[in-house]
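Work through the exercises below with the sequence and the structure side by side, and try each task before you read its solution.

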Amino acid sequence: MNVADPALRQKVHHAYSEIALTPAADHPFPVGRRLAERTGYPASWLARVPAPSLDAFAGISCLPCFAEIEQGARVLDLGCGAGLDSLLVAGGAGAVLGLDFSQPMLARARAAACAVGAANVGFVRGDAEAIPAAAGSIDVAMVNGIFNLNPARAGIFRELARVVRPGGTVYAAELVVVEPAAEHAGRHDEADWFA
């Protein structure tokens, strides 16, 4: 499958929305607590996060494990999904903006933030290549595994450069293929871009 396929965005949106709606169902990739534990999130941290956020986790790395968030920092969680990373960094941040393109994921993130009283966290619907934030308004951006799933990568990097202040920091995690993917009977299927 060509990663520049114009239908890719809709397929990714559908897959992630389905995770939010039915996290216990079968999906093209692992999700939830088990995935979070495998990607390095400490069990003690996960115990503090409400189920709506944890059950639909679909990231690829524990960015809060190594992201340095100064007290009062303005943080962007780009592709926030159900809000796990946003909630984990909220304690030290001045404000956290979680941005995602899936309303069902955002509903989970908002429910989780409400459950823990995270008044400094806001979740909004938006696209990574058109971030609804002013230029230079972000101190730290976290991007947990969206580049492979969005063909508008150049736009995402331009937007990050626009909204992160000079001297600010971007923490990003992504899967990197180091060898060609094995073909299934001579062809690739839609699940390959999640594998």
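**Exercise 1. Find which residues of the largest nonpolar core touch the most other members, and which elements supply the core.**

Solution. A nonpolar core is a set of buried Ala, Val, Leu, Ile, Met, Phe, Trp, Tyr and Cys residues joined through side-chain atoms within 4.5 Å, where buried means under 20% relative accessible area, exposed over 50% and partly exposed in between, with a 1.4 Å probe and protein chains only. The largest such core has 31 residues, of which A36, Y41, V75, L84, V96 and F123 touch the most other members. At least two residues of this core come from each of α2 (33-38), α6, α7, β3, β4 (138-144) and β5 (164-173), the helices (H or I, at least four residues) and strands (E, at least two) being DSSP runs numbered from the N terminus. Apart from this core lies another, of 16 residues, among them L78, F147, L160 and V163.

This is a predicted model, in which local features need pLDDT of at least 70 and side-chain atom pairs count only at pLDDT 80 or more, while totals for chains, interfaces and linings use all residues. Residues are numbered from 1 along each chain as its sequence is written, and side-chain values use heavy atoms, with hydrogens and water left out.

**Exercise 2. Check the length of helix α7 and decide where its buried residues lie.**

Solution. The expected span of a helix is 1.5 Å times one less than its number of residues. For the 14 residues of α7 (residues 103-116) this gives 20 Å, which agrees with end C-alpha atoms that are 20 Å apart. Next, the buried residues of α7 are M105, L106, R108, A109, A112 and A113. They cover an arc of only 160° around the axis, so they are on the same side of α7; the arc is that of the directions from the helix axis to the C-beta atoms. On the other side of α7, C114 and A115 are exposed. Finally, the buried residues of α7 pack against α1 (8-21), α4 (51-54), α6 (84-89), β2 (95-100) and β3 (121-125), with contact meaning heavy atoms within 4.5 Å.

**Exercise 3. Describe the aromatic pair that Y41 and F57 form.**

Solution. Rings of Phe, Tyr and Trp (its six-membered ring) pair if their centres lie within 6.5 Å, and planes under 30 degrees apart count as stacked, over 60 as edge-to-face and the rest as tilted. The structure holds four aromatic pairs. In the one formed by Y41 and F57, the centres are 5.1 Å apart and the planes stand at 75°, which is edge-to-face. Both Y41 and F57 are buried.
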